[in-house]
Structure formats: structure tokens, C-alpha cells
Amino acid sequence: MEGISLEELQLAARNHGMPLEALRYAVTPVGLHYLLIHYDVPAVDADAWRLSVGGLELTLDDLRARPSVEHTVTMECAGNGRARLEPRVVSQPWLLEAVGTARWRGTALASLLQEAGIPEGTVEVLFTGLDRGVEGGEEQEFQRALPLAEALRPEILLAYDMNGAPLPPQHGFPLRLVVPGWYGMTNVKWLARIEFLAEPFGGYQNRQGYRLRQSEEDEGVPLDRMQPRSLLVPPGIPEFLSRDRTVAAGEVLVEGRAWSGLAPVASVEVSDDGGASWAPAELEPAGEPWAWRGWSFRWDAQPGEHVLCSRARDEAGNEQPLEPSWNLGGYANNSLQTVRVTVTP
């Protein structure tokens, strides 16, 4: 494989993943939540900022005065796992850490759309952020569209708070879209405009970006909901560079989190031999429907070299694959996490 480029290192320095030990938190502290910024963090004057929705214009105070809702939502970047694909896909080099769970507070999108008046013939709703850049040779604002039926889901919200405080600049201050169950690119930050479309959106981020394609000529299929995934908290202590683990022999409590945007998590299994054999983990009681679910496994760690992994299955029967499927953008790689562990006597 070719070495990582300076451009990719630059992206990796601007964006950051969640340290896997932070899986211990049911709600990810803001500073540990994963972050992906496509272009620049825009400078926003909250007093001058307005949200345009159809014919309405609303201030931040207007939005805060509306009935509020709060949801705990797991959000994962569609490119999580990209750096583990071969041949390597050149982009933000995520390994496994592009995920986090936050408490988002705001106002329901559906009621605002209905108040603005949904024109007859609307098929999609377009969301435009204040961040601008060049991608795919096109100068653009970051924009994503949702089918109208999806945009009217009652759990979708326009969020102005994260974990009980106003959104920080890097997470979309003063307002962002939160679409539970969908990959992170859908959750447009620094939201400025919401528009009704009579035909499918043809902008770059829907037409070209975030599609599962095998080649440049392949039209592909759009990404939407998160595939099932389980991650475990690496046990014991790490070797600095490799992050391989060392634990003492005996009972070791292995913990983690699992989620799926397709259906509730039904089960998690754990293996200590790289997936050759599996044993069931114990699931925590189900909590909020759009948040990850905790699990634990009491591992009888025997001296020697082991490879720990876990896999999730959801109630619709979707299960993590052992091996990834390659695609041009390096998206939706939900193959198994593997953690090398040395067990000492």
C-alpha cells in the first residue's frame, strides 16, 4: 500500500475520531465526540443569523421559543473504516473512531416544515449550510437533501444544544440538522436554508458524493442509514505505537457499544480467536431508540496471544460481515474490529 499523503495527514489533523476508551460513556463528552468538517468552520454572528424555511425567516431566539425536544442519538461518519480498505481509498483516513453519541436538543423539523407550508408536488427537502468549499471541481455550499417522507419523521430535529449546552462552533453553531439513524453527512451543520424541491436534488453531495460506487462511471446507490456495528473498549493497557493490548490472565470484563440505523440491536457476540468461534455478550437494557446499546462479556483470558472482536446483529437480521466490501468512496465499512491482546500469566 502507498504511504499516507501530506494532504491526508492534513485532513486527519483537522478532524478527529473518538478514542475507543470513550465507549465507556453512554453519552460522549463533547470534546471526545468524532468530528468531520468538510470545508472551514464559518464565522457566525448569532444575532445576525437567520434560518430561511420556505417563506419564513427565524432567529435563534425564535427557534428556542418553539416547543423543544431532546433525543440521544448515535452519529457515525459514512467513511468510518475507510483506511482499512484495500486498495486504499484516498480521503479522510478513518480507522474505527468516527462515531459518538450526544444529547441533541432543538425543535422538531416536521412541525416547522408544516408551518412554512409544504408546496404540492414537493419530493425532497434541501438543507444548506454556511460552509463553502471546492469538491469534485465544483465550488459549493455543503448541501444535502432528504425525501419529503423522511424529512417529516417526528424524531428529526433542528438542534441548537449539544449535551446541555449551545452547539460549539465545530459542531454547527448556531443550528444543525440531526437525522437519527442516518450516517453523519446528512446532519448538515451551520444550517442557513431549508427549501422544498419538486424534483430530486442534483447537487454534488447527493449526485456524486456519498454514493456506493465501484468506479467513476458507476452511478451507484445513495448512502442513507447506518449499517450495524459493534465496537469494544480495548481491554488492559496499550503498546504506544501499535495499540496492541496486554492483560493479566483471569476473568476480564470486555465492554462495548453496538448500534444500527436499520433496526434495534438484537444481539452481540464476542470472539477471542479472530472470529473462528463466538459466544454471546450480555446486552444492557434497551434505552433511547436512536442511541447505541451497551454490552459486556466476561472473558476467561488464558495466557498467550489472542484476537478479540465483536459483531452486532439487528432485529431486521442485518449482521456485521467478517470482511469489508470495497467501494470507490470507502463508505459503510462495518466489518469487524479486531484487537490483538497478549495475556500474561
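## A walk through the predicted model

Ala46 is found in the loop that connects helix H1 to strand E1, and this residue makes a convenient starting point for a reader who is new to the structure, which is a predicted model. With a relative accessible area of 24%, Ala46 counts as partly exposed, because its value falls between the 20% under which a residue is called buried and the 50% over which one is called exposed. Although Ala46 and Phe173 are separated by 127 residues in sequence, their C-alpha atoms are 8.4 Å apart in space.

From this one loop the view can widen to the whole protein. Its secondary structure comprises five helices and 22 strands, and its C-alpha trace extends over about 70 × 45 × 35 Å along the principal axes. For a chain of 345 residues, a compact globule would be expected to have a radius of gyration near 20 Å, and the 21 Å found for the protein agrees with that expectation. Of these 345 residues, 50% count as buried.

The loop between H1 and E1 also holds one member of an aromatic pair. Three aromatic pairs turn up when the whole structure is searched, and one of them joins Tyr34 to Trp94 in an edge-to-face arrangement, with 6.0 Å from centre to centre and 80 degrees between the planes. Tyr34 belongs to the loop between helix H1 (6-14) and strand E1 (51-53), whereas Trp94 belongs to the loop between strand E3 (69-76) and strand E4 (99-108), so the pair ties together parts of the chain that are 60 residues apart in sequence. Both partners are shielded: Tyr34 is buried at a relative accessible area of 6%, and Trp94 is buried at 3%.

Further along the chain comes helix H3, which spans residues 109-116 and in which Leu109, Ala110, Leu112 and Leu113 are buried. These four residues cover an arc of only 165 degrees around the axis, which means that they sit on the same side of H3. Just after the helix, Gly117 adopts a positive phi of about 90 degrees.

A hairpin offers the next stop. Strand E5 (residues 124-135) and strand E6 (residues 138-147) are paired in the antiparallel sense over nine bridges, and within this pairing Gly133 has Gln140 of E6 as its bridge partner. Two residues lie between the strands of this hairpin, where Gly136 takes a positive phi near 60 degrees.

Which strands make up the open sheet with the order that begins at E14? Six strands form it, in the order E14-E15-E22-E21-E17-E18, and their pairing is mixed. At its edges stand strand E14 (237-238) and strand E18 (279-280), each of which pairs on one side only. Strands of a sheet pair through backbone hydrogen bonds, and they may do so in either a parallel or an antiparallel way. Both senses can be followed here from strand to strand. Strand E15 (residues 245-248) runs parallel to E22, to which it is joined by four bridges, and Ala248 has Thr344 of E22 as its bridge partner. E22 and E21, by contrast, run antiparallel and are joined by five bridges, with His306 standing opposite Val341 in E22. Continuing through the sheet, strand E21 (residues 304-314) pairs with strand E17 (residues 265-271) in the antiparallel sense over six bridges, and here Val270 finds its bridge partner in Ser310 of E21.

The two faces of strand E22 deserve a separate look. In a regular strand the side chains alternate between the two faces of the sheet. In strand E22 (residues 339-344), Val339, Val341 and Val343 make up a covered face, while Arg340, Thr342 and Thr344 make up an uncovered one.

Side-chain contacts of another kind, between arginine and tryptophan, complete the tour. Arg311 lies over the face of Trp278, at 4.1 Å from the ring centre, and Arg153 likewise lies over the face of Trp290, at 5.1 Å from the ring centre.

Finally, how many disulfides does the model contain? A disulfide is a covalent bond between the sulfur atoms of two cysteines. The count comes to zero disulfides, and among the cysteines Cys77 is buried at a relative accessible area of 4%, while Cys309 is buried at 0%.

How values were computed: Residues are numbered from 1 along each chain as its sequence is written. Side-chain values use heavy atoms; hydrogens and water are left out. Rings of Phe, Tyr and Trp (its six-membered ring) pair if their centres lie within 6.5 Å; planes under 30 degrees apart count as stacked, over 60 as edge-to-face and the rest as tilted. Buried means under 20% relative accessible area, exposed over 50%, partly exposed in between (1.4 Å probe, protein chains only). A charge sits over a ring if NZ of Lys or CZ of Arg is within 6 Å of the ring centre and within 35 degrees of the ring normal. A disulfide is a pair of cysteine sulfur atoms within 2.5 Å. Two strands pair if DSSP finds at least two bridges between them. The arc is that of the directions from the helix axis to the C-beta atoms. The radius of gyration is taken over C-alpha atoms; the globule rule is 2.2 Å times the number of residues to the power 0.38.
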